[in-house]
Each structure stands twice: as structure tokens, then as C-alpha cells.
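User: Please take a close look at one helix of this model and then at the site of its ligand. I should like a connected account with the cut-offs stated.

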Amino acid sequence: MPLDPQRFTGDLHVLRSFGASGVGKGVVRQAYSDADYAARQWLAQRMKDAGLELHFDPLGNLFGLAGEKSLLVGSHSDSQPEGGWLDGALGVAAGLEIARAAKEDGRPPISCVSFQDEEGRFGVLTGSDVWTGKLALAEADGFTDTQGNTLADMRAQMADLAGGFLPHDRFCGFLEMHIEQGPYLEEAGLGLGLGVVTDIVGIRDVRITFEGRQNHAGTTPMHLRRDAFQALSAFNTALSSRFENVVTPATVWTIGHVALHPNASSVVPGRVEFSVQWRDADADRLARMETLIKATAQEIAADHGVASELGPVKGLDPEAMDARFQAELGAAAEILAPGKWQKMPSGALHDAANLAAVMPAAMLFVPSIGGISHAFDEDTAEADLVLGLQVLDRAARVLAV
Ligand code: HGY
Ligand code: MN
Ligand code: MN
């Protein structure tokens, strides 16, 4: 049975139904949530129906295994707190379809995977980070989400399903198809548009707390305040100006999570917990930015009479994709979409960045409409999804042992 694009798109729409929310095709399916658990159970059944051997590892990474040694194709099926229907899910559904078709055709074995907590409810690409050995399970278990839940407690809910960690040499390499999540394929005006990823940027992420003095918003004179929000505001302004001599136009940094306490209009906020996340293709620049963030937080805290506490800095270094795997993706794209593909870096992080540390890994991008992602209205034209599947399958057939 050759590749079946309709079966693939059908799976995508069923997968979207787990945590379907908001406008468009949005999903809310964070790692270890009920929706994530239900999605993994459904994926497991689809893998079993395809004749693949099921394996959940201690993190909840879900594998559909074929053969003794195989090519691994997949991505993640957890989402951001407000996610699109394709981020991760596209690569998981493509991996399932490609592994299933290989099995049906009696071709060299291809396995599929859905990694857990790629979206970082706890760490950064946590499931593949632990599986590839970059992050110790004991350390990851202590990570908390913004509500204070620990990873250990959340993954314990799946313990009845979990086996051990699979050996990396079970696989000859890893392919991941993903939406671009940015504007460049559309801007390139390639028409359909496919991206063969050359390398994935590095990332760092830290949570910082400023602790001042909660007080009355009417009776507390400005000069006596120890206002945590004012400290955060000054920190952000100071950091942006100090970054000017370090960053390039490709560097990004974000304060995406801010929890103000008690978050009431008549109260001088006594505490703020916030995240600082930064990304760049150069590990040295990431390190220089980390030094600036730490120094600026401590200096501004002292100026504003607040205590500062910095959590662990989590993250990954930049990773290049395997040259041979890239070449096979490019060759497949040139046959199926001549002139409608390009090589490009990835500004988003992906499990392939972790897999690249233990086996050859490469990625294929399909365009994101309007470059939108990590938002309910993330979307991609169906023709692009099917073309991506066909190109990925063609390269996978060559790379499978
Ligand atoms: O944030 C990222 O780059 C990925 O989507 N988790
Ligand atoms: Mn993703
Ligand atoms: Mn994402």
C-alpha cells in the first residue's frame, strides 16, 4: 500500500480534536494534560493498528517501532498553552503514515515517534533532552511548571504505561517534518515552498523573581515603594540597551511569562516572577547574553530595593543538521517540487536538535500561513502538507537501512 495522503490528513484532523480550542484549528494540549494523554493513547492505537511495536519510555515519549534497526521519523504532539493544530502534530502524523506505508509495502523498517514536552511546560524539549542523555532524569524530575507542578508528579500519571529508555543505536537516524513557524518561505515566493533545515539555533531560558514590598497603592509614597513591577520594567529597559552591543538582527529575546503578585490595581506589587528566553545561532553570544541578564537583574534589584532570585538556566546549544540527510531531503524536494525549495536555518527549536547529538538528524519545513505559530490561528495549506509528506517519504525510503 503506497503512501496514503488522505489517511495522513485524516489522522491530522483526529489528532487536532484532542484539546481542540479557540478560533480556527487551535489546540490546548500541554504535556501530561488529559488531552495530551488521550492523544497519546489514540496515537498508540494507530501505531498498533499499523503493526508497529509500541513503546512508552519513562518521560512518556511514544515510539511505534519497526524492525531491529530502523530510521526514526516523528516530532512531538504536546502543545503550547495556546497552540496551533500543526506544531509538532504534523511531524508525528507524517512519521506514522510513512512508517505504516513502509510496513505495508514490506520496505526497510521505519519507526515513528511522538516526543513529550517539546514545548517546555517543564524544561526545554524535555522528552528528547532526557532521552538523548543531555539532561539527567533526576534533574528534570525537579523541574516545575508555572503552577508549581513537578515533572516527576506529572509523568507518574503515565507510569503504568512506561517501559525503559530505548537504546539510541536502535535507529540509524532521525527525520522531522515541521511547519516553519516563520515568514521566510512565504516571503521567498516559492509558490508551494519547502525548507531543508541547515541548522537549529541555540536557546536559553531562565525564570527570575523580584521580591519587593506589597503595600497600599494610595497611601504608599512613591519614594518609599519597593515595587516589583517597576523593577521588572527598569530591568527590561536596561537589558534592551545593554544588548545593543552584543546582538545581531537575527538574535531574539522574549519576556513571555509574567506573574505579578497579587496582581490587583490597588496594591503595590510585592512580587513578580518572569521568564527571560533568548536564542541565537552562536553559543558564545548566548553565554554573553546570559552574563548580561544575571548582572542586570542583580543591579536593577539593588537599585529598586527588591531581592532577586534566578532559577536554573535551561537550554540547548546550536546544532547543525546532518549533511547527507539534508542532501537526500534536497534531492527529494528537487524531484517533487523542482525549484520550489530552499535551504534555511531554524529560529524555532525542535527535537531534531537533541537527536542530532546521538544520530544523523535533519528537518523539512512546510510554510506557515502568515508566518503565524504558537497561536490558535496557525495554519498551512493542505497541498503544502501533502507535498511535504511525499518529499519526506521519498527521502526516508533512501535513508532507511
Ligand atoms: O519554542 C520553540 O521553538 C518550540 O516551538 N518549542
Ligand atoms: Mn514544535
Ligand atoms: Mn512549538
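Analyst: The account below begins with helix 8, passes to ligand 1 and ends with Gly315.

This is a predicted model, in which local features need pLDDT of at least 70 and side-chain atom pairs count only at pLDDT 80 or more, whereas totals for chains, interfaces and linings use all residues. Residues are numbered from 1 along each chain as its sequence is written, chains are lettered from A and ligands numbered from 1 in the order in which they are written, and side-chain values use heavy atoms, with hydrogens and water left out.

Helix 8 comprises 16 residues, 228–243; helices (H or I, at least four residues) and strands (E, at least two) are DSSP runs numbered from the N terminus. From first to last C-alpha the helix reaches 22 Å, close to the 22 Å expected at 1.5 Å a residue, where the expected span is 1.5 Å times one less than the number of residues. Its buried residues are Ala228, Ala231, Leu232, Phe235, Ala238, Leu239 and Phe243. Buried means under 20% relative accessible area, exposed over 50%, and partly exposed in between (1.4 Å probe, protein chains only). Viewed down the axis of helix 8, these buried residues fall within an arc of 135 degrees, so they line one face of the helix; the arc is that of the directions from the helix axis to the C-beta atoms. Their cover includes strand 7 (202–211), strand 12 (271–280) and helix 9 (283–303), contact meaning heavy atoms within 4.5 Å. At the N-terminal end of helix 8, Asp227 acts as a cap, with a side-chain oxygen 2.8 Å from the backbone nitrogen of Phe229.

Ligand 1 is surrounded by Glu118, Glu119, Gln181, Arg279, Ala348, Leu349 and His374, a residue being near if one of its heavy atoms lies within 4 Å. A polar side-chain atom of Glu118 is 3.1 Å from a nitrogen atom of the ligand. A polar backbone atom of Leu349 lies 2.7 Å from an oxygen atom of ligand 1, and an N or O atom in the side chain of His374 lies 3.0 Å from an oxygen atom of ligand 1. The protein covers 92% of the 210 Å² of accessible area that ligand 1 has on its own, by the Shrake-Rupley method with a 1.4 Å probe.

Gly315 belongs to strand 14 (residues 314–316) and, at 31% relative accessibility, counts as partly exposed. Setting aside residues up to four places away in sequence, Gly315 touches Val124, Ile203 and Arg204. The C-alpha atoms of Gly315 and Val124 are separated by 6.0 Å, although the two residues are 191 apart along the chain.

Key: A polar contact is a pair of N or O atoms within 3.5 Å; within protein, one must be able to donate a hydrogen and the other to accept it, and residues adjacent in sequence count only if both atoms are side-chain atoms.
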